[in-house]
Amino acid sequence: MTRSVWQGMVAGAAGVAVMTLAEKAEQRLTHRPGSYAPAYVLQRLAGRRDAEPRRSDALNWSMHAGQAMLVGVLRGAMANAGLRGPWASAMFTVVRLTSDQLLENATGVGAPPWTWPRRELAVDLLHKTVYGYATGAVADLLAARSGPGPGQRHAAVAPGRRSHVGPVPAGR
């Protein structure tokens with residue numbers, strides 16, 4: 001588990017760096033302003049009164065990167081369990097989207113995504129997908145150094161999902 005935590009945090013940090021670069025490039029092209037939703041969420045989670053987040057970019061960056069690194073731990077655990085590759089990154093992208101929406105909606109900072117303008121929704125989906133796949137690539141690379149995960153060992157017993165294949169022996 002310790003390996004999953006540090007690998008996931010490293011992968012999440014790499015993923016948020018790639019996502020942020022993609023966001024900044026997109027914003028230059030589209031002239032879309034940056035979002036301060038992360039700062040508002042952090043203020044509300046901390047029980048602080050809403051303040052103008054633009055005065056504190058540190059709050060925004062702390063939540064932006066901190067959440068990405070924390071959620072990245074799950075992707076590290078996935079990779080170490082043997083859930084690797086594009087399918088696993090797609091699954092993880094949904095987790096990242098869910099994490100954002102849970103925090104934003106629970107704190108009243110955001111609204112459900114199906115109520116958003118379609119362009120904003122598409123941009124958010126694009127950036128979270130970049131994060132999910134970048135985080136996944138790093139997590140998979142780090143986990144692969146320890147060999148196949150239990151899920152991969154199970155899959156190697158018989159290709160495809162087979163009802164007659166029981167679990168791999170414990171401790172392997």
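**Entry 1. Aromatic pairs**

I took two rings of Phe, Tyr or Trp to pair if their centres lie within 6.5 Å. With that cut-off I searched the whole structure, which is a predicted model, and the search returned one aromatic pair. I described the pair by the distance of the centres and the angle of the planes. The partners are Phe92 and Tyr131, with ring centres 5.7 Å apart and planes at 35°, so I recorded the pair as tilted. For that label I relied on the limits of under 30 degrees for stacked and over 60 for edge-to-face. I then located the two residues: Phe92 belongs to helix α4 and Tyr131 to helix α5. They stand 39 residues apart, and the pair thus links distant parts of the chain.

**Entry 2. Overall layout**

I listed the secondary structure and noted six helices and zero strands. Along the sequence the pattern reads α-α-α-α-α-α. For the extent of the protein, I noted that the C-alpha atoms fill a box of roughly 55 × 30 × 30 Å along the principal axes.

**Entry 3. Packing of α1**

I looked up α1 against two other helices, beginning with α3. The axes of α1 and α3 come within 6 Å and cross at roughly 130°. I therefore entered α1 and α3 as oblique to each other. The crossing of α1 past α3 is right-handed. I sorted the residues of this contact by class and recorded eleven nonpolar, nine polar and three charged.

I next turned to α1 and α5, whose axes lie 8 Å apart at an angle of about 145°. This crossing, too, I entered as right-handed. By class, the contact of α1 with α5 holds 16 nonpolar, six polar and four charged residues.

**Entry 4. The largest pocket**

How much space lies in the largest pocket? I noted about 690 Å³. The lining has 31 residues, and I recorded Glu23, Ser35, Ala37, Pro38 and Lys128 as the closest to the centre of the pocket. The elements that give two or more residues to the lining are α1 (2–30), α2 (37–45), α3 (57–81), α4 (86–106) and α5 (118–144).

Which element gives the largest share of the lining? I found that α3 does, with six residues. By class, I divided the lining of the largest pocket into twelve nonpolar, nine polar and ten charged residues.

**Entry 5. Cross-reference**

I noted that α4 and α5, which carry Phe92 and Tyr131, are also among the elements that line the largest pocket. The helices α1 and α3, whose axes cross at roughly 130°, are listed there as well.

Key
Residues are numbered from 1 along each chain as its sequence is written. This is a predicted model: local features need pLDDT of at least 70, side-chain atom pairs count only at pLDDT 80 or more; totals for chains, interfaces and linings use all residues. Side-chain values use heavy atoms; hydrogens and water are left out. On a 1 Å grid over the protein atoms alone, a cavity is a set of points where a 1.4 Å probe fits but cannot get out, and a pocket is an open set with protein on both sides within 12 Å along at least five of seven lines; lining residues have an atom within 4 Å of a point. Grid points are joined across faces, edges and corners, and a volume is the space filled by probe spheres set on the points. Helices (H or I, at least four residues) and strands (E, at least two) are DSSP runs, numbered from the N terminus. Ala, Val, Leu, Ile, Met, Phe, Trp, Tyr, Cys and Pro count as nonpolar, Asp, Glu, Lys and Arg as charged, and the others, Gly among them, as polar. Axes are lines fitted to C-alpha atoms, for helices over the stretch in contact, and angles run from 0 to 180 degrees between N-to-C directions. Angles under 35 degrees count as roughly parallel, over 145 as roughly antiparallel, 65 to 115 as roughly perpendicular and the rest as oblique. A crossing is left-handed if the near helix is turned anticlockwise from the far one by less than a right angle, and right-handed if clockwise. Rings of Phe, Tyr and Trp (its six-membered ring) pair if their centres lie within 6.5 Å; planes under 30 degrees apart count as stacked, over 60 as edge-to-face and the rest as tilted.
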